[in-house]
Amino acid sequence: MKPILIIQTGHTFPEIAAAHGDFDDMVYRALNGKQCKTRVVDVSRAAALPAPSNCAAAVITGSHEMVSDKADWSERTARWLSQAHGHGLPLFGLCYGHQLLAHALGGEAGDNPNGLEIGTQTIERLPACDDDPLFAPLGSRFPAHTVHRQSALKLPPQAVLLCRNPHEAHHAFRLGKHTWGVQFHPEFSAGVMSGYLRRHHGRQHAEPAQNTPEAAALLQRFASYVSSLQAV
């Protein structure tokens, strides 16, 4: 079985990593990793990506970097994602990964005009989700964890908008059969979200983040979807 590639585009804060693991650990758990083979490539530290044909799929993590800075490693990864999408490799981008997919495939990433979105927010599911293999089971509105200053300001041509809210016009999209991007964080636990809120608001922030089971299920469904493709 080929692995699901976890493309690591950055690292969380040390205190969050100590308590909850780094971004790659969060994705591994969210994929229900004990039942699927994974491989981590840390592109933020210039690790080389394998040929798309050697992977079953790829998940692109979040990052504290900015896509609009167009760092060399990020632009190399964008070119790889364009190639992988062209080869039909299933892709799932998270926050930075979502923005990088948009940038790589003909859209645009940059500063969100509404500024920072942080915390457990309500996301609206759009009718285009009805026939989507990952998003169809979502309720009309569902909670998800968010922390971002930049966004996919313009989606790639022919991308299908799946989710939004008043702050973020492009919270999720699909392009083609199985390339997805989400601005929110299905891989975050309530503990991770609380850690980011403490970082932003200081220790006086006592309100705990809530669980987000509907959002969290997206990556589990992605892993199951990839497994079903390999079984064919």
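This passage walks through a few local features of a predicted model: a buried aspartate, the salt bridges, a phenylalanine, a helix and the largest pocket.

We can start with D22, which sits in the loop joining α1 (14-20) to α2 (23-30). D22 is a bit of an odd one, being buried and yet without a salt bridge. The nearest side chain of opposite charge belongs to R45, and that is 6.1 Å away, whereas a salt bridge needs the nitrogen and the carboxyl oxygen within 4 Å. What the side chain of D22 does reach is the backbone nitrogen of T12, at 2.9 Å. T12 also turns up among the contacts of D22 once neighbours within four places in sequence are set aside, along with Q8, G10, H11 and A17.

R45, for its part, has a partner elsewhere: its side chain meets that of D42 in a salt bridge, at 3.8 Å from N to O. The two ends of this pair sit in unlike settings. R45 is exposed, with a relative accessible area of 61%, while D42 comes out at 14% and counts as buried.

The R45 pair is one of five salt bridges found in a search of the whole structure. Another joins the side chains of E124 and R164, with 3.2 Å between N and O. Here the link runs between distant parts of the chain, since E124 belongs to strand β6 (residues 117-125) and R164 to strand β9 (residues 160-164), 40 residues apart. Both ends are partly exposed: E124 has a relative accessible area of 23%, and R164 has 36%. A further salt bridge pairs D130 with R125, at 2.8 Å from N to O. In that pair D130 is exposed, at 52% relative accessible area, but R125 counts as buried, at 15%.

R125 leads on to F135, as the two are in contact. F135 is placed in the loop between β6 and β7, and despite that loop position its relative accessible area is 0%, so it counts as buried. Leaving out neighbours within four places in sequence, the other residues that F135 touches are C129, L162, C163, A172, W180, V182 and L218. Take L162 from that list: it lies 27 residues from F135 along the chain, yet the C-alpha atoms of the two are separated by 7.8 Å.

Helix α4 offers a buried stretch of another kind. Eight of its nine residues are buried, so the helix is largely enclosed by the rest of the structure. The buried residues are Y96, G97, H98, Q99, L100, L101, A102 and A104. Just after the helix comes G106, which takes a positive phi of about 110°.

That leaves the largest pocket, with a volume of about 390 Å³. Its lining is made up of 21 residues, and those closest to the centre are S63, H64, V147, H148 and R149. Three elements give two or more residues to this lining, namely α4 (96-104), β7 (141-148) and α5 (190-201). The biggest share comes from α5, which supplies three residues. Helix α4 thus appears twice in this account, once as a largely enclosed helix and once as a contributor to the pocket lining.

Notes. Residues are numbered from 1 along each chain as its sequence is written. This is a predicted model: local features need pLDDT of at least 70, side-chain atom pairs count only at pLDDT 80 or more; totals for chains, interfaces and linings use all residues. Side-chain values use heavy atoms; hydrogens and water are left out. Helices (H or I, at least four residues) and strands (E, at least two) are DSSP runs, numbered from the N terminus. Buried means under 20% relative accessible area, exposed over 50%, partly exposed in between (1.4 Å probe, protein chains only). Lys and Arg count as positive and Asp and Glu as negative; His and the chain ends are not counted. A polar contact is a pair of N or O atoms within 3.5 Å; within protein, one must be able to donate a hydrogen and the other to accept it, and residues adjacent in sequence count only if both atoms are side-chain atoms. Contact means heavy atoms within 4.5 Å. On a 1 Å grid over the protein atoms alone, a cavity is a set of points where a 1.4 Å probe fits but cannot get out, and a pocket is an open set with protein on both sides within 12 Å along at least five of seven lines; lining residues have an atom within 4 Å of a point. Grid points are joined across faces, edges and corners, and a volume is the space filled by probe spheres set on the points.
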